[in-house]
Amino acid sequence: MPPTEAGGEIEWKPLLDGFVHEHRIAYFSMEIALRNEIPTYAGGLGVLAGDTLRAAVDLGLPLVAVSLVSRAGYFRQGLDAEGRQTEAPDPWSPERWAHPLGAKIALEIEGRSVWVGAWLYVLQGRLKGAQPVVLLDTDLEENRPEDRLITHYLYGGDEAYRLKQEIVLGIGGVRMLQALGFNIREYHMNEGHSALLAVELLKVFAYRREEVRAGESPYDVPRVREVCNFTTHTPVAAGQDQFPYALVSRLMDGTADIGMMRRLAGDENLNMTRLALSLSEYVNGVAKRHAELSNHLFPGYTVHAVTNGGHPYTWTCPEFARLYNRYVPGWCHEPELLTRADVSIGDDEIWQAHEGAKQRLIDQVRTLGSTVLDPALPIIGFARRMTAYKRPDLLFSSLERLRALARKRPFQLVIAGKAHPRDDGGKALIERIHGHMRELAGAVTIAFLPNYDMEKARLMVAGVDIWLNTPQRPLEASGTSGMKAAFNGVPHLSVLDGWWIEGCIEGVTGWAIGGAEESQNGADAQSLYAKLDDVVLPMYYDDRASWIRVMKGAICKNASFFNSHRMMRRYVSEAYSR
Ligand SMILES: *Cc1c(COP(=O)(O)O)cnc(C)c1O
C-alpha cells in the first residue's frame, strides 16, 4: 500500500520499511506546520519547519522530522469587540491524519519512567515522494495522568513542563528513531528546544568503560559535533531557553550527566542555545544580518548565514500558480525560473491574477467579520505574532497623520496575529489596535481577522496590495511572510531588518522604512508615513505601469531567490555534506 496522507490504523511496519532503508537527516523541531488542519505550530518557526520538509520532498532529500504530537494544539484565538484575546484549546485528532506506530520507548523524568509512543505522519510531495514525520506522544495508559499531558500543549505550562517537553523531544526523539530502525546520518536542531538530542548522542557515542583512562571523559564530543547541525532563530540572549540546574537535576538525574551539561551549556543555567552551539559542528543564523549578530552574541563560535525561504507551491495563490504554470513551467521545483517572469507574463495578466486574489480576500473578510472592503482601494496587510518588538502599532503612531493620508489617497487595512497566552504586552497591543480601529471608523476601513493561521496567511499575502512589516531593528532574525507575498507579486514595505536587508531594492522589489541605524519609534513612524505619502500611494493611484513593474520585481528578484529550495540546497552543500 502506498503511503497516504490519510491517517488511521494500518499495518505500520511495511509503511515504515519504505523509509528506514535509506540514510536520513533527522530534523528536530518543537513545532511544525504540516498543514492547516493540524494546529501544532505557533508561528514563523513552525511554518519554516514545514516549508523545510516540503522543499526536502521536492528535492528528493531524505529527512525524517521529529516533533511532539501536541494534541491540544497551540490555541484558538477569539477576540471580543474590545480586542481582548481569549484562548481556547485547538485540539486535533492524530488518528485522523497519522498512523499509530507500535513502538514505545521509556525515559526517566523526575525519577520515574515515562513511556513515549509515536505517530507517523506522511508528508506527501505534490508530484512525487514522501517524507516521514514522527510525532512523539506520552498520552499512554502506562503513564501517570500528569505525564500523559507532557506532549499536549505546544509551549504550554511552566518551566518544568517545558523542560519535560524538551526531554521528550530531544532524548525521546533519538531513542524513538533508533527503536523504529531509522538510519540517521546527521541531526539538525531547528532552534535550541531539541538540544538535548545531542546529550543523548554523547551517551550513544560514549567510549566503552575499558577504553577510558582514569580521569578522562568518556564522551566523544568531536564525534557528536560531527553529526549535529544547529539553526538559531534568536537574536537576543533573553529570548533563549534557559533552565536552572536545580530544576534540571530534579527532572534529569539518572538520565544525563549534569556535570557534563554544566561544562557544555553554561554554569549558571542550562542554556539550550549554548548546549546546541557546543555540540554542533555547523551553526547558522537565518539571515546574513542575524548571523553577524549571533557571531557577536556567541563569541568563540562561527555562525554561518543561510537566509530563510518560503515554499513556492504552498505560498503561491491559485491565480498566480496558473500564470506561472503557463509561462514558467517547472517554477515549483526550480523557482529560479521566476527571474524570467517579467518578460514572459503580460502586465494585464499580472494585474488580473492579483485582482482575483484580492477579491477572494475581500469575500473572506466580509464572511469572517462583516467588514466590507473596496476592491478599487489599496489594501495594506500586516499579520504576524503580536508582540512588542514587531511593533504592530507603529502605523498608528499618529492617528492625525493617518487620517490626513487617507483623506488624500484612501487605503484599507487587514490585520491579524495571535499573542502568546503569557505575553501580556502582546495582548495589550491587540486591544490598543482595536481602540485605534474605533477611533478611525469612517476614515480608514480596518479589519482584524481572528485566529491567524496558514490559511489566513495564504489569503492575506496574496490578496493585499502592500505587505507591511515594522519590527524593531535588529530583533527580526529573518521574517518570512514578506517572502510569501513576493510569490504573489505583492510588494513589501518594511523596516530594514532580517531578510529585507538582503531583499530590498528600493523601488524595484518594494520599499524600505527608515535606514540602517537602531530603530527609533518616532523616526520610523515618520519614515513610514512619508514613504506612503510620497511614493507608495501615489504610484498605486497614478502610475499603474510602475506599480506592476514593482510587483514583477518582487516576483523576479525575490520569489526567485528567497525560497525554500535555495535554502535547502544551501543546507545540503554547507551543513549536511561536510
Ligand atoms: C509566515 C507565517 C508566520 C511568520 O511570519 P513573519 O513575517 O515571519 O513574522 C506566522 N504565522 C503564520 C500562520 C505564517 O504563515
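This section describes the ligand site, the nonpolar cores and two individual residues of a predicted model.

The ligand is surrounded by 14 residues, of which Lys390, Gly479, Thr480, Ser481 and Lys484 approach it most closely. Three side chains place polar atoms beside oxygen atoms of the ligand. For Ser481, the separation between a polar side-chain atom and a ligand oxygen is 2.4 Å. For Lys484, an N or O atom of the side chain lies 2.6 Å from an oxygen atom of the ligand, and for Lys390 the corresponding distance is 3.0 Å. On its own, the ligand has 380 Å² of accessible area, and the protein covers 94% of this. Two or more residues of the surrounding shell are contributed by each of helix H2 (44-59), helix H18 (454-463) and helix H19 (481-487).

In composition, the shell around the ligand comprises 5 nonpolar, 5 polar and 4 charged residues. Both domains take part in the shell: domain 1 (5-308 + 568-575) and domain 2 (312-562) each supply at least three residues.

The interior of the model was examined next. In soluble globular proteins, nonpolar side chains tend to be buried together. The largest nonpolar core of the model contains 85 residues, and the members that touch the most others are Leu395, Phe396, Met460, Trp467, Leu532 and Trp547. This core lies between domain 1 (5-308 + 568-575) and domain 2 (312-562), because residues from both domains belong to it. A second core, separate from the largest one, is formed by 78 residues, among them Leu107, Val168, Leu202 and Leu247.

Two further residues were considered individually. Ser546 is located in helix H22, which spans residues 544-559. The relative accessibility of Ser546 is 12%, so this residue counts as buried, the cut-off for burial being under 20% relative accessible area. The side chain of Ser546 is engaged in a polar contact with the side chain of Asp543, at a distance of 2.4 Å.

Arg223 belongs to helix H7, formed by residues 221-227. With a relative accessible area of 41%, Arg223 is classed as partly exposed, since this class lies between the limits of 20% for buried and 50% for exposed residues. Along the chain, Arg223 and Glu281 are 58 residues apart, while their C-alpha atoms are separated by 9.6 Å.

Key. Residues are numbered from 1 along each chain as its sequence is written. This is a predicted model: local features need pLDDT of at least 70, side-chain atom pairs count only at pLDDT 80 or more; totals for chains, interfaces and linings use all residues. Side-chain values use heavy atoms; hydrogens and water are left out. A residue is near a molecule or strand if one of its heavy atoms lies within 4 Å of it. A polar contact is a pair of N or O atoms within 3.5 Å; within protein, one must be able to donate a hydrogen and the other to accept it, and residues adjacent in sequence count only if both atoms are side-chain atoms. Accessible areas come from the Shrake-Rupley method with a 1.4 Å probe; for residues, only the protein chains shown count as cover. Helices (H or I, at least four residues) and strands (E, at least two) are DSSP runs, numbered from the N terminus. Ala, Val, Leu, Ile, Met, Phe, Trp, Tyr, Cys and Pro count as nonpolar, Asp, Glu, Lys and Arg as charged, and the others, Gly among them, as polar. Domain bounds come from an automatic or database domain assignment. A nonpolar core is a set of buried Ala, Val, Leu, Ile, Met, Phe, Trp, Tyr and Cys residues joined through side-chain atoms within 4.5 Å. Buried means under 20% relative accessible area, exposed over 50%, partly exposed in between (1.4 Å probe, protein chains only).
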